[in-house]
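Me: I would like a close look at one part of this model, the surface that meets the DNA, described in connected prose.

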Protein chains: 2
Amino acid sequence: MLKLTKKADYGLMAMKHLAEHVDREALSAKDIADAYGIPPQALAKILQRLMRAGLLESQCGIKGGYRLARDPHSISAYEVIQAIDGPLFITSCTTLRGECGQSLRCTVREPLRKVNQSIEEVLKRIRIAHMREEPEMVETKQLADYVMIS
Amino acid sequence: MLKLTKKADYGLMAMKHLAEHVDREALSAKDIADAYGIPPQALAKILQRLMRAGLLESQCGIKGGYRLARDPHSISAYEVIQAIDGPLFITSCTTLRGECGQSLRCTVREPLRKVNQSIEEVLKRIRIAHMREEPEMVETKQLADYVMIS
DNA sequence: GAAACTCGGACTGATTTGGTCGCATATTCA
DNA sequence: TGAATATGCGACCAAATCAGTCCGAGTTTC
Ligand code: FES
Ligand code: FES
């Protein structure tokens with residue numbers, strides 16, 4: 001149903017949290033989990049994935065924790081989501097080994113691939129350093145107008 | 001993982017198929033299902049949903065079947081998907097009966113709501129009559145730019 | 001060497017998805 | 001009239017995915 005997983009949500013929260021504390025020492029998984037009420041063990045595994053994807057640096061040991069591996073302005077939401085949930089395909093038939101039974105006859109695959117690309121673009125342009133809370137109805141309205149015109 | 005369900009895929013295929021045969025008589029669920037190798041019973045239920053959503057007109061009986069209720073140029077992919085899968089939320093905590101445990105502290109909900117809106121716009125711009133044509137990447141790119149700024 | 005971390009797989013229960021069945025209703029036509 | 005062929009709709013089931021836990025490692029600090 002075109003929904004982000006909880007893990008991706010947690011991951012984005014953690015990345016944003018780390019982006020706001022780049023100055024400090026490394027933060028442990030538990031620190032971040034406690035700050036948002038996330039199950040610590042669950043977040044730990046998510047951070048490990050982000051680490052393996054090269055988005056975080058980790059340090060073991062008693063004073064250890066995680067730190068952003070790159071400038072928060074250069075890390076996109078897309079990278080975070082992909083690192084956690086794997087490559088994102090909007091089409092349902094691309095799930096591992098071969099195609100679904102309709103792949104040869106499916107007439108909407110190509111159009112949807114383009115939609116997929118659009119969504120990727122949107123997510124790639126959102127940097128974790130820029131994720132803010134302002135709802136700003138005016139802008140979304142302008143966006144709607146823009147779409148109408150084009 | 002941000003994927004469309006198979007049902008939505010089937011629904012889009014069926015709608016596109018019907019859009020290409022507006023002239024003819026009503027097509028039965030089985031006709032369409034056979035044309036694409038879709039399980040007939042599954043497609044039948046999907047078409048019923050599209051019917052209830054007002055996107056299709058149905059006729060019972062031996063010469064019955066389905067027909068588009070509106071001009072195929074006016075029906076968006078978004079409408080089809082929503083009719084089948086229900087309202088689409090990119091955030092994971094909107095799943096019915098209250099919020100997830102993190103809703104109060106979640107810092108990425110609002111930013112993601114904007115992403116959600118962007119995706120909606122993209123899907124609303126795609127009409128089933130035009131699914132073969134290019135969704136115009138330039139515009140979606142500008143749209144993505146727009147989202148980033150806000 | 002103990003404490004506080006990360007690392008990573010295995011595991012379980014809950015939810016969602018994909019699909020089927022069965023029965024009721026409506027329409028055509030012989 | 002009544003058989004044939006449609007839709008209409010809920011219940012049902014199996015498989016996949018998701019969310020979260022557990023546990024047994026390794027690492028660093030003190
Ligand atoms: S994308 Fe696989 S059947 Fe349409
Ligand atoms: S959207 Fe619900 S926790 Fe972030």
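Which element gives the largest share of the surface near DNA strand C?

Reply: This is a predicted model, in which local features need pLDDT of at least 70 and side-chain atom pairs count only at pLDDT 80 or more, whereas totals for chains, interfaces and linings use all residues. Residues are numbered from 1 along each chain as its sequence is written, chains are lettered from A and ligands numbered from 1 in the order in which they are written, and side-chain values use heavy atoms, with hydrogens and water left out.

The largest share of the surface near DNA strand C comes from helix 3 of chain A, which supplies four residues; a residue is near a strand if one of its heavy atoms lies within 4 Å of it, and helices (H or I, at least four residues) and strands (E, at least two) are DSSP runs, numbered from the N terminus. Of the 26 residues around DNA strand C, those that come nearest are A:A29, A:S58, A:Y66, B:K6 and B:I62. By class, the residues of this surface divide into 11 nonpolar, 10 polar and five charged, where Ala, Val, Leu, Ile, Met, Phe, Trp, Tyr, Cys and Pro count as nonpolar, Asp, Glu, Lys and Arg as charged, and the others, Gly among them, as polar. On the DNA side, 71% of the atoms of strand C within 4 Å of the protein belong to sugar or phosphate, and the rest belong to bases.

Several polar contacts (pairs of N or O atoms within 3.5 Å; within protein, one must be able to donate a hydrogen and the other to accept it, and residues adjacent in sequence count only if both atoms are side-chain atoms) can be placed on this strand. A polar backbone atom of A:A29 is 2.8 Å from a phosphate oxygen of DNA strand C, while a base nitrogen of that strand lies 3.1 Å from a polar side-chain atom of A:K45, and a base oxygen lies 3.3 Å from a backbone N or O atom of B:I62. The elements that give two or more residues to this surface are helix 3 (40–52), strand 1 (56–59) and strand 2 (65–68) of chain A, together with helix 1 (6–19) and helix 3 (40–52) of chain B.

For DNA strand D, helix 3 of chain B gives the most to the nearby surface, with four residues. The 26 residues around DNA strand D include A:K6, B:A29, B:S58, B:G61 and B:Y66, which come nearest, and the classes are 11 nonpolar, 10 polar and five charged. Sugar or phosphate accounts for 69% of the atoms of strand D within 4 Å of the protein, the rest being in bases. A side-chain N or O atom of A:Y10 is 3.2 Å from a phosphate oxygen of DNA strand D, whereas a polar backbone atom of A:I62 is 3.3 Å from a base oxygen and a polar side-chain atom of B:K45 lies 3.3 Å from a base nitrogen.

Chain B also has a hairpin to consider here. Strand 1 (residues 56–59) and strand 2 (residues 65–68) of chain B run antiparallel and are joined by four bridges, two strands being paired if DSSP finds at least two bridges between them. B:Q59 has B:G65 in strand 2 as its bridge partner, and among the five residues between the strands B:G61 takes a positive phi near 95 degrees.
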